[in-house]
Amino acid sequence: MRFLGTTLLIALAVASALLAGASAVLTRNVIEPAGFRATVVDTLRSPAGAAVVRSAVEGEVRARAAAQPAVIAAAAASIAGSWAEQALASPAAPRVLGPLAVGLQQGILADGQTERARIDLRALATAADPPPAVEALLGIVEGDLLVTVPWVPVSPWLERALRLLDRHRWIPAVLAGAAVGFGLLALVNARRRGLALLALGASLAAGAYLLRPGAEGGAGWLVNARQPGYEALARVIVAEALDGWTAVSGALIAIGLAIVLVGLVLGLRRRDA
């Protein structure tokens with residue numbers, strides 16, 4: 001019975017530590033406004049994101065120039081697409097894309113997710129000088145000129161978790177404290193503390209290590225990339241949202257190995273005694 005209690009406490013300690021690390025990363029990259037803005041900007045600046053934006057801009061310009069000869073419409077669309085990529089790479093892009101990030105974040109945290117995002121070409125024109133084809137379009141069209149680009153919403157369970165993190169910012173700290181508490185209780189309850197430390201450290205290191213590839217390739221269970229062709233964009237969004245997890249998991253692995261080392265020392269002392 002004592003063995004089962006110690007095993008349960010070790011499992012709770014490891015789970016709490018892993019959840020604390022993951023929730024801290026998500027809080028920084030998704031819950032914090034500045035972090036989420038960086039996530040959105042870096043996603044759209046990536047090759048997959050830039051390709052999506054370029055395709056959307058080209059489609060909009062081609063549709064607007066439908067009355068022109070096909071060659072002229074295609075050339076204008078290609079020029080506008082290249083300009084959009086340059087504008088995304090400019091230093092002013094984070095300021096221009098700020099309202100887009102705010103809307104997407106509010107959708108996640110207020111049950112209003114969307115599979116579409118809109119980029120204002122007039123605002124984008126302030127980030128990089130538009131070519132004549134785009135300037136002509138901006139001059140002809142009155143009011144806002146919005147280009148719709150696809151977006152990948154997060155999965156329902158992650159959406160609920162993010163809302164919980166948004167309402168209770170103390171969750172990562174509490175989980176970290178719970179990990180320490182469960183670990184200490186496991187040592188108090190264990191008959192052989194050296195063996196308990198070995199199990200605790202090895203489990204923590206193994207869990208953090210095994211979650212690294214899961215985090216890096218977790219697009220399938222973290223987001224809903226239902227439409228074909230969204231896989232590349234989904235992988236980028238997941239990678240940006242979990243930016244920093246590699247460092248956190250590395251720290252957890254180091255802590256786990258240190259605990260294993262302490263357990264080995266205690267075990268050797270017990271044997272010598």
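**Questions on a predicted model**

Student: Let's start with Arg-169: what is its relative accessible area?
Tutor: Keep in mind that this is a predicted model. Partly exposed covers the range between under 20% and over 50%, and Arg-169 falls in that class. Its relative accessible area is 40%.

Student: Which residue does Arg-169 form a salt bridge with?
Tutor: Look for a carboxyl oxygen within 4 Å of an Arg-169 side-chain nitrogen, since that is what counts as a salt bridge. The closest N and O atoms of the pair are 3.0 Å apart, and the partner is Asp-166.

Student: And is Asp-166 buried or exposed, or in between?
Tutor: The buried class stops at under 20%, and exposed starts at over 50%. Asp-166 has 26% relative accessibility, so the label is partly exposed.

Student: Which residues do salt bridges that share partners join into one network?
Tutor: Two of the members are the pair we just discussed, Asp-166 and Arg-169, which form a salt bridge. Glu-32 belongs to the network too. The full set is Glu-32, Asp-166 and Arg-169.

Student: How many salt bridges does the structure hold?
Tutor: As background, side chains of opposite charge can pair when their charged atoms come close. Arg-163 with Glu-159 is one such salt bridge here, at 2.3 Å between the closest N and O atoms. The structure's total is six.

Student: Why are Arg-163 and Glu-159 separated by about one helical turn?
Tutor: Both residues sit in helix α9, which spans residues 156–167. They are about one helical turn apart because their separation along that helix is four residues.

Student: Is Glu-159 buried or exposed?
Tutor: The cut-off for buried is under 20% relative accessible area. Its partner Arg-163 comes in at 17% and is buried. Glu-159 has a value of 11%, so it is buried.

Student: Which helix holds Arg-54 and Glu-58?
Tutor: Their side chains meet in a salt bridge, 2.9 Å from N to O. Arg-54 is partly exposed at 23%, whereas Glu-58 is buried at 17%. The two are four residues apart, about one helical turn, in a helix covering residues 47–64, namely α3.

Student: How do α1 and α2 sit: roughly parallel or roughly perpendicular?
Tutor: The axes of α1 (residues 2–31) and α2 (residues 33–45) come within 5 Å and cross at roughly 75 degrees. Angles of 65 to 115 degrees count as roughly perpendicular, so α1 relative to α2 is roughly perpendicular.

Student: Which residues in α2 do Arg-28, Asn-29, Val-30 and Ile-31 meet?
Tutor: Those four residues are on the α1 side of the contact. Across from them in α2 are Pro-33, Gly-35, Phe-36 and Thr-39.

Student: How far apart in space are Gly-181 and Ser-16, C-alpha to C-alpha?
Tutor: Gly-181 is part of helix α10, residues 171–189, and is partly exposed at 28%. In sequence, 165 residues separate Gly-181 from Ser-16. In space, their C-alpha atoms are apart by 9.9 Å.

Student: Which residues make the nonpolar surface patch of about 260 Å²?
Tutor: One of them, Val-265, lies in helix α14, residues 245–272. A patch residue needs over 30% relative accessible area, and Val-265 has 37%, which counts as partly exposed. The patch is made by Leu-261, Leu-264 and Val-265.

Student: Last one: of the residues of the protein, what share count as buried?
Tutor: The protein has 14 helices and two strands, and exposes about 14,100 Å². Of its 273 residues, the buried share is 44%.

Conventions: Residues numbered from 1 in each chain as written. Predicted model: local features only at pLDDT ≥ 70, side-chain atom pairs only at ≥ 80, totals over all residues. Heavy atoms only, no water. Buried < 20%, exposed > 50% of the residue type's maximum accessible area, 1.4 Å probe, protein only. Areas by Shrake-Rupley, 256 points an atom, 1.4 Å probe, with all protein chains shown as cover. Patch = residues over 30% accessible without salt bridge, like charges linked within 9 Å, V, L, I, M, F, W, Y side chains within 5 Å. Axes fitted to C-alpha atoms, helices over the stretch in contact; angles between N-to-C directions. Parallel < 35°, antiparallel > 145°, perpendicular 65-115°, else oblique. Contact = heavy atoms within 4.5 Å.
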